[in-house]
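Trainee: I would like a close look at a single part of this model, with the neighbouring parts brought in where they help. Please take it slowly and keep to what can be read from the coordinates.

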Amino acid sequence: MNILNEALDVFGDSVIKMHEFIFDQTDHNDFWAFIKKQNKKGVYIFLDMSAEEPKNIIYIGKAGKLEFSERTLSDRSGNYFYKPSEKYPKNHINAGKIIMLNTPINKDGDVEFKKFNAKIDSNDLILKKKDFKMVTIQIINHETISPELLESYLLNTLLKEHKHYPKFNHKI
Amino acid sequence: MSKENINIEAIKLTKDSFSKDFFNNTINHFKDKDRYINFLDETDIENKMDFKGVQVIRDKNSGAVYRVSAHGNFAKDSDKIIKPNFNSAWSPHERWTPYFMNLEEKYIAFGWHNSNSAQIYNEVIRGIDVEKLSPKDKVYEHFLKIHKKKKNSKHPNNRDDKNKKKSLRGSINVKNLPSLIKSHPNIYKKIIYFDDLIIDRFLINEEDPFLTPVFFKEVLINYFKTTTDKYYWYESA
């Protein structure tokens with residue numbers, strides 16, 4: 001988190017606000033409650049805490065273009081996981097059944113992502129529950145910065161300063 | 001270059017972008033490093049064609065900014081190794097969207113709207129109504145030609161209607177556009193001639209120690225959005 005904190009210092013508390021979620025004495029309901037609260041535009045970050053910084057940052061994404069979109073962090077970040085009531089499609093062998101009852105926790109007790117834009121091995125979509133961390137950076141003052149700037153700034157800093165390319169991002 | 005210097009540069013750039021003089025200072029900064037090109041004054045054809053960095057298209061008279069775009073991003077190959085060269089370094093004469101730059105007739109056409117503009121293109125140039133996929137024999141012939149020409153492309157019998165429509169809208173020959181624009185100028189929202197434009201090019205290559213083109217583009221866009229009410233983005237569909 002040092003890298004993120006250092007990089008974000010430039011904006012100050014009046015511009016952005018950081019929130020984080022870990023599965024420490026919390027469950028899948030707390031996770032979705034956290035997602036629901038992320039009702040502003042900004043940037044979301046997934047981390048695999050089994051790795052050292054900066055490799056623990058596995059994905060950075062943005063939510064809500066400044067003028068053209070009303071999409072929030074809640075809408076965007078929630079899409080990376082099966083929804084609580086999401087069912088298998090009609091042509092599937094388990095059609096009609098809920099895919100993951102306690103999503104994002106799968107039947108083995110691990111956190112499972114649904115998908116990313118980048119091509120990713122299915123095994124890589126699963127993290128140990130204790131290793132999963134999600135950070136959101138909500139933009140408080142929309143007159144100052146855009147989600148695109150915040151996202152590209154962090155990716156630029158990771159790549160140029162730390163030589164790190166988050167493994168689930170597909171272009172920087 | 002130390003890590004600290006890199007971080008300071010990125011932070012400084014972000015901070016400076018909130019000041020009124022940022023854009024002019026940035027032009028001077030890039031000029032000092034021989035990394036700024038005024039595109040319309042550029043005589044070296046190589047520089048006109050292949051470009052890595054960030055381009056700003058603005059109105060010479062009103063100060064309006066029409067488009068800020070990044071050309072080049074780092075991607076990964078199939079083995080998840082970061083490619084050493086940028087993807088999407090850009091040649092203006094090869095694109096019709098999000099805008100079309102006609103170097104010979106010296107204009108830029110902004111605002112291609114896929115569902116309308118591609119429809120007109122297909123009707124006028126190909127003689128095909130995309131929505132109705134008719135006349136059917138012509139549509140079939142079109143996809144059969146592609147199938148024979150390109151390895152791995154689907155036989156027309158194996159394409160569904162959705163795929164056919166998508167392909168027809170997405171496979172446009174940019175060489176046909178100048179004549180189409182003459183007869184149907186409304187396929188773009190706005191056409192502006194070079195005489196009324198300034199096209200700034202900030203050169204950023206793969207080895208740049210501080211910047212990716214995408215980040216620098218966003219810094220400039222943020223600057224224009226927060227300091228001027230004349231930022232227009234003729235968004236493509």
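Mentor: What follows starts with one helix pair and its surroundings, and then turns to the other parts.

The model is predicted, so confidence comes before geometry. Chain B has a mean pLDDT of 87, and 90% of its residues reach 70 or more. Within chain B, confidence is lowest in helix α3 (residues 45-49), where the mean is 68, and highest in helix α7 (residues 177-183), at 95.

The part to look at closely is helix α6 of chain B, which spans residues 161-170. Its buried residues are B:Lys164, B:Ser167, B:Leu168 and B:Arg169. Among the elements that cover these buried residues are α4 (114-126) and α5 (136-149) of chain B.

Take α5(B) as the partner. The two helices, α5(B) and α6(B), pack with their axes 12 Å apart and at an angle of about 70°. That angle makes α5(B) roughly perpendicular to α6(B). On the α5(B) side the contact involves B:Val139, B:His142 and B:Phe143, and these meet B:Lys164, B:Ser167 and B:Leu168 of α6(B). By type, the residues of this contact are three nonpolar, two polar and one charged. B:Lys164, B:Ser167 and B:Leu168 are also on the list of buried residues in α6(B).

The loop between α4 and α5 of chain B holds two backbone features. One is at B:Leu133, which is found in that loop and has a positive phi of about 50° although it is not a glycine. B:Leu133 is buried, with a relative accessible area of 6%. The other is the cis peptide bond joining B:Ser134 and B:Pro135, with omega about -5°. B:Pro135 is likewise placed in the loop between α4 and α5 of chain B. As background, most residues other than glycine have a negative phi, and most peptide bonds are trans.

Another helix pair in chain B can be set beside this one. The axes of helix α2 (residues 22-32) and helix α8 (residues 213-227) of chain B come within 10 Å and cross at roughly 150°. From α2(B), the contact is made by B:Phe22, B:Phe23, B:Thr26 and B:Phe30; from α8(B), by B:Phe216, B:Val219, B:Leu220, B:Tyr223 and B:Phe224. This contact divides into eight nonpolar residues, one polar and no charged. The α5(B) and α6(B) contact, by its own count, includes one charged residue.

Chain A offers a sheet. Four of its strands form an open, antiparallel sheet in the order β1-β6-β2-β3. β1 (16-22) and β3 of chain A are the edge strands, each pairing on one side only. On average, neighbouring strands of this sheet are turned by 15° against each other, with direction ignored. Between β1(A) and strand β6 (residues 132-139) of chain A there are seven bridges, and these two strands run antiparallel. In one of the pairings, A:His19 has A:Thr136 in β6(A) as its bridge partner.

Two helices of chain A pack on this sheet. Helix α2 (residues 28-37) of chain A touches β1 and β6 of chain A, and its direction makes about 15° with that of β6(A). Helix α4(A) touches β1, β2, β3 and β6 of chain A, and its direction makes about 160° with that of β3(A).

Backbone features occur in chain A too. A:Lys163 lies in the segment after α4 (147-162) of chain A and has a positive phi of about 55°, although it is not a glycine. A:Lys163 is exposed, with a relative accessible area of 65%, whereas B:Leu133 is buried. A cis peptide bond joins A:Glu53 and A:Pro54, with omega about 0°. A:Pro54 is found in the loop between β2 (42-48) and β3 (57-63) of chain A.

The last residue to consider is A:Ser74, in helix α3 (residues 73-78) of chain A. A:Ser74 counts as buried, at 18% relative accessibility. Leaving aside residues up to four places away in sequence, A:Ser74 touches A:Ile35, A:Lys36 and A:Gln38. The C-alpha atoms of A:Ser74 and A:Asp13 are separated by 21 Å, with their positions 61 residues apart along the chain.

Methods
Residues numbered from 1 in each chain as written. Chains lettered and ligands numbered in written order. Predicted model: local features only at pLDDT ≥ 70, side-chain atom pairs only at ≥ 80, totals over all residues. Heavy atoms only, no water. Buried < 20%, exposed > 50% of the residue type's maximum accessible area, 1.4 Å probe, protein only. Contact = heavy atoms within 4.5 Å. Pairing = 2+ DSSP bridges. Axes fitted to C-alpha atoms, helices over the stretch in contact; angles between N-to-C directions. Parallel < 35°, antiparallel > 145°, perpendicular 65-115°, else oblique. Nonpolar A, V, L, I, M, F, W, Y, C, P; charged D, E, K, R; others polar. pLDDT = per-residue confidence, 0-100.
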